Amino acid sequence: MRGAQLTLTSTTPPITWAPDPKGEHGEVFTRRWVVDLILDLVGYRPEEDLGAATVVEPSCGCGAFLIPIIERLSASCRQHGRTLADLGDAVNGFDLLSHNAEHTRKAAVAKLLELGEPVSVAEDLAEQWVTTSDFLLTDHRDLSADFVVGNPPYVRLEHIPDEVSGAYRAACSTMRGRADLFVGFFEKGLALLRPGGRLGFICADRWMRNQYGARLRQLVGEHYAVETLIEMHDADAFEAAVSAYPAIAVIRNAPQGPVRLVEAGKSFDESASRSLATWLRSEAQETPAGESFETAELRDWPKGSAHWPSGAPSTLEVLADLESRFRSLEDPHTGTRVGIGVATGCDDVYVSDNPNGIEDDRLLPILTASDTADGEAKWSGKYLINPWREGRLVDLADFPGLAAHLRTHESHVRSRHVARRRPSAWYRTIDRVTPGLLERPKLLLPDIKSTAHPVLDVGLYYPHHNLYYVVSDTWDLEVLGGLLLSDVANLFVGAYCVKMRGGTYRFQAQYLRKIRVPEPTELAATDEEDLRTAFRIRDVGAATSAAARVYGLDQGALSVLSTSRSRVRM
């Protein structure tokens, strides 16, 4: 195969990569009806003059997209009086693997012959249309497109040779952290779009809500428009079973407008996809009756790198309404803040239920997630061995007991990344201990749970890093706890968090901050008491009923909450 090359600077040698053709390359092959749906959504339809346009498939595999593209282009030529032989620049397919590219060329030749093209034309077009090269490391300065479509590869950067992954990161500014390879395909594909052009990809949707997707979301939010998102977690979209949480994303080079959201059910199939494509092209607002998908339209879309919501469209409509009417949980106006407990980097040294010989004022009773399992703060007797005082590391010379304990485990403590980065502060915990947090009343929420599980600490314990906390200058924490116990809180977190296997939620700070709450001073006394009581007795149903009144939810929204509750508790 011809090696893909990228000149990083005038002094940087080109990077080449010839991967093992028998290895794993993140290939997941797409069903034909899914390909047709994507082509319909981006507007690559025979009734359009496709010969005047350019389509790019950046990872053509064995031709799942290229063959339907050829069929549509041929049909368009017949309708618009064009000749395929003149359209060598109309299609641009790329694949890293030479055997994939060769397979697609042969498939393209066979299809063109079937469509009546001479052998010479078919072979010439196939050679022009399919290139063996690395799409991410290819110079595309002379290429622009009206359509970019495909199913980019699913490969984590850490599974790619260091030199190549470094080249990818240099070429694609959105590929940071533990990014998946498809992030770069989005960036490079979007960069090719002419004004009004559309990109349509099917791939895992975690980038829409996790940290490694932040730069890509920022890029889309600042320069492009999300048009359609179709969540296909339960649909049979691929030729082989995969656990990739796929979604179709259609993004346009245009100002942001309303976004059509679709949740495809388990029975979503070819027939349903045609019905969906027809509906999406129409002006209709209601989902066709009896279909295996649910739809909604959101007029306000998250800006910048903010997480994109997911879930049933009816749920997202309720959330959009709440977001338009209420303030965020974390709010300087009410002095409400969300944080995380202390990470030590070495709990077997810094957390102990037998800290003999260590000075008493270096010991803080610490609460872990398991201590909150029953809905109350039940301390297990463990202490945080605290090297901090008022935000600064203590001098070990002043605390011989602490010093002796740390010296006993010094090699282990020094091996942590935080210690290697700051050798002079080798005995620090990863996080500083926040002065005054132990004594402050706070709500504690375990990180990983199927539903929100707020627990009140009246000011006796310091939280471990598997607990998030909420403190407030204004809220009665039991009233706020009732709101966070309700299904309304689950609705927000479930829409924005990255879900674990089995549907478990991550109640991390960035997702808790998505929760909207009313002004605490505007609550009726009866609603406050109902929320307080529901929190004390751990009655989610009563908390949800009281929260529904506080939020002013109508019967339709209550139905959404009920459906959401049944999904979470399945």
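These are my notebook entries on two helix contacts and on the aromatic rings of a predicted model.

**Entry 1: helices H2 and H3**

I began with helix H2, which spans residues 66–80, and helix H3, which spans residues 98–114, and I found that their axes come within 10 Å and cross at roughly 30°. Because angles under 35 degrees count as roughly parallel, I wrote down H2 as roughly parallel to H3. I also noted the hand of the crossing, and H2 passes H3 in a right-handed one.

Which residues of H2 and H3 meet? On the H2 side I listed Leu66, Ile67, Ile70 and Glu71, and on the H3 side I listed Thr104, Ala107, Ala108, Lys111 and Leu112. When I sorted the residues of this contact by character, I had six nonpolar, one polar and two charged.

**Entry 2: helices H14 and H18**

Next I turned to helix H14, residues 477–485, and helix H18, residues 540–551, which pack with their axes 8 Å apart and at an angle of about 100°. Since the range from 65 to 115 degrees counts as roughly perpendicular, I recorded H14 and H18 as roughly perpendicular to each other.

In this contact, Gly482, Leu483 and Leu485 from H14 meet Val540, Ala543, Ala547 and Tyr551 from H18. The residues here divide into six nonpolar and one polar, and I found no charged residue among them.

**Entry 3: aromatic pairs**

I then searched the whole structure for aromatic pairs, and the search gave 16. One that I looked up joins tryptophan 379 and tyrosine 383, whose ring centres are 5.1 Å apart and whose planes stand at 85°, so I entered the pair as edge-to-face.

Are these two residues buried or exposed? I had to write "partly exposed" for tryptophan 379, because its relative accessibility is 32%, and I wrote it for tyrosine 383 too, because its value is 25%.

Tryptophan 426 and tyrosine 427 form another pair that I noted as edge-to-face, with 5.4 Å from centre to centre and 75° between the planes. Tryptophan 426 has a relative accessible area of 4%, so I marked it as buried, and I marked tyrosine 427 as buried because its relative accessible area is 10%.

**Entry 4: a cluster of rings**

Last, I asked which residues the ring pairs link into a cluster. My list holds the tyrosine Tyr154, the phenylalanines Phe182, Phe186 and Phe201, and the tryptophans Trp207, Trp301 and Trp308.

Technical notes:
Residues numbered from 1 in each chain as written. Predicted model: local features only at pLDDT ≥ 70, side-chain atom pairs only at ≥ 80, totals over all residues. Heavy atoms only, no water. Axes fitted to C-alpha atoms, helices over the stretch in contact; angles between N-to-C directions. Helix = DSSP H or I, 4+ residues; strand = E, 2+ residues; numbered from the N terminus. Parallel < 35°, antiparallel > 145°, perpendicular 65-115°, else oblique. Left-handed = near helix turned anticlockwise from the far one by under 90°. Contact = heavy atoms within 4.5 Å. Nonpolar A, V, L, I, M, F, W, Y, C, P; charged D, E, K, R; others polar. Phe/Tyr/Trp six-rings, centres within 6.5 Å; stacked < 30°, edge-to-face > 60°. Buried < 20%, exposed > 50% of the residue type's maximum accessible area, 1.4 Å probe, protein only.
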